Each structure stands twice: as C-alpha cells, then as structure tokens.
Amino acid sequence: MSKQTKFPMGIDSKKISGELFTLTYGALVAELLRDLESPLAVNRQLDKMGYNIGLRLADDLLAKNSQIHRCTDMHQVADVLAKVALRSYLGVTAQVSNWNARNDEFSLILESNPLAEFVEVPPELAQDLRQEPCAMIVNDSPGRDDSHYHKYSQILCGAIRGALEMMHMEVQTFIVQEHSQSVEIRVKFIRILQESVPPGDD
C-alpha cells in the first residue's frame with residue numbers, strides 16, 4: 001500500500017504543488033533549450049506537455065470545485081479559466097479582455113506570471129520576449145513566421161487546450177505577447193467536439 005504524503009496542519013498541499021512546479025519549470029525549459037535544435041521545437045514540446053497536463057487536470061478541477069456547472073458560452077469558460085483553474089493550480093487569477101465581435105475569442109492576461117517568478121531570462125532571449133506580437137500558434141497559421149521566437153509560457157497554452165478538449169471543446173491557444181513577468185494568452189473557440197458533421201458537409 002502506498003503511503004499518502006501528509007503535510008502539517010495549515011499547509012495547503014495544492015499550493016506546495018504549484019510552487020514546486022514553478023520552481024522546477026525554468027530548469028525544464030533550460031534543459032529543452034539545450035537538447036532541441038530550435039526555439040520552435042521547444043515551443044512544440046512545451047505545448048505537447050501542457051496539453052497532456054490539461055487532459056489530466058480537467059477531471060480533477062471539476063471534482064474539487066463542485067460549484068462549476070456546465071458552461072453554455074465562452075464567457076463562462078473564460079470566467080472558469082481566469083478565476084478558478086489558474087488559481088487552483090498556479091495560485092493566480094487572470095484578466096479576461098479583448099473579446100472579438102462574435103464572442104468566441106478572448107485574451108487571458110496574467111499580470112504576474114508564476115512561471116517566471118523564479119527565473120532570470122538570458123539576454124539573448126529577453127529581446128525575443130519584448131516583441132509584440134510574437135505568437136506561436138499551435139496550428140501554424142499561414143503568414144506568421146515565429147520559428148525564431150521562444151515562448152517561455154507555451155505550456156499554459158497546451159494545458160488550456162487539453163483541458164477544454166476534455167470538456168468537448170476544440171480551441172486554438174497562442175501567446176500574443178510575453179514579457180518578463182506578464183503574459184497574454186489568446187483563446188479561440190473552434191467547435192464543439194461531440195457535434196456530428198452531416199453527410200456531404202465535410
């Protein structure tokens with residue numbers, strides 16, 4: 001029988017897990033930068049890792065937050081991401097802004113990015129992080145050449161995409177801009193995954 005880790009009374013184990021992740025994330029990114037050939041390859045690997053994390057965290061989030069009900073529009077999705085999900089696992093909340101006219105695309109703005117809290121960005125990467133915009137879109141949108149940009153917080157994009165996929169929503173996620181302590185993540189709704197496509201419409 002495996003032993004369950006016990007923490008002293010008054011210590012939040014969820015907070016410890018979040019802080020451990022932020023403490024070790026910089027080392028993970030540094031290792032990827034050494035092992036992989038290009039910033040784009042690092043971005044893709046971080047996105048893949050985040051996606052797998054998101055797939056696993058979706059059920060955990062719902063199990064631990066019974067007040068979350070089925071979302072009926074993207075405004076509710078944005079609210080859960082900004083105020084519940086990020087706070088539960090990273091200890092921060094985000095601002096929701098820059099909605100498009102169709103209300104199916106928005107930005108999550110983290111004024112204090114916990115992933116960068118214990119990290120000093122090397123000078124050769126700091127210049128990249130000052131570029132606006134410098135998005136790395138998961139589906140490689142035509143017309144964008146971001147192959148030379150390293151997106152330090154790309155793992156968050158993957159986690160959001162994976163978690164929403166578990167909720168039967170396909171979205172695109174990408175970083176609009178990223179600075180030393182802040183990051184703006186764009187979330188765009190694509191489709192409801194359980195909807196079937198009528199014959200001849202594919």
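**Helix 2, its neighbours and the largest pocket**

Modeller: This is a predicted model. In it, 43 residues line the largest pocket, and Ala 58, Leu 61, Leu 81, Ala 85 and Ala 163 are the ones nearest its centre.

Colleague: What makes a residue part of that lining?

Modeller: Having an atom within 4 Å of a pocket point. On that basis 43 residues get in, Leu 81 among them.

Colleague: And how much volume does the largest pocket have?

Modeller: About 990 Å³.

Colleague: Which helices and strands supply at least two residues each of the lining?

Modeller: Helix 1 (13–35), helix 2 (39–64), helix 3 (74–90) and helix 5 (154–166) do, along with strand 4 (183–192).

Colleague: How does the lining split by class?

Modeller: Into 28 nonpolar, 10 polar and five charged residues.

Colleague: OK, on to the packing. Why is helix 2 called oblique to helix 5?

Modeller: Their axes cross at roughly 40° and come within 6 Å. Roughly parallel needs an angle under 35 degrees, and roughly perpendicular starts at 65. The crossing angle falls in neither range, so helix 2 counts as oblique to helix 5.

Colleague: Is that crossing left-handed or right-handed?

Modeller: Helix 2 passes helix 5 in a right-handed crossing.

Colleague: How do you know that the two helices touch, and which residues are involved?

Modeller: Contact takes heavy atoms within 4.5 Å. From helix 2, the residues that meet helix 5 include Leu 46, Gly 50, Gly 54 and Ala 58. Those on the helix 5 side include Gly 158, Gly 162 and Ala 163. The residues of this contact come out as 11 nonpolar, six polar and four charged.

Colleague: What about helix 2 with helix 3: why is that pair called roughly perpendicular?

Modeller: They pack at an angle of about 100°, with axes 11 Å apart. The roughly perpendicular range is 65 to 115 degrees, so that angle earns the label. Leu 57, Asp 60 and Leu 61 of helix 2 make the contact with Val 80, Val 84, Ala 85, Ser 88 and Tyr 89 of helix 3. By class, that gives six nonpolar, one polar and one charged.

Methods: Residues are numbered from 1 along each chain as its sequence is written. This is a predicted model: local features need pLDDT of at least 70, side-chain atom pairs count only at pLDDT 80 or more; totals for chains, interfaces and linings use all residues. Side-chain values use heavy atoms; hydrogens and water are left out. On a 1 Å grid over the protein atoms alone, a cavity is a set of points where a 1.4 Å probe fits but cannot get out, and a pocket is an open set with protein on both sides within 12 Å along at least five of seven lines; lining residues have an atom within 4 Å of a point. Grid points are joined across faces, edges and corners, and a volume is the space filled by probe spheres set on the points. Helices (H or I, at least four residues) and strands (E, at least two) are DSSP runs, numbered from the N terminus. Ala, Val, Leu, Ile, Met, Phe, Trp, Tyr, Cys and Pro count as nonpolar, Asp, Glu, Lys and Arg as charged, and the others, Gly among them, as polar. Axes are lines fitted to C-alpha atoms, for helices over the stretch in contact, and angles run from 0 to 180 degrees between N-to-C directions. Angles under 35 degrees count as roughly parallel, over 145 as roughly antiparallel, 65 to 115 as roughly perpendicular and the rest as oblique. A crossing is left-handed if the near helix is turned anticlockwise from the far one by less than a right angle, and right-handed if clockwise.
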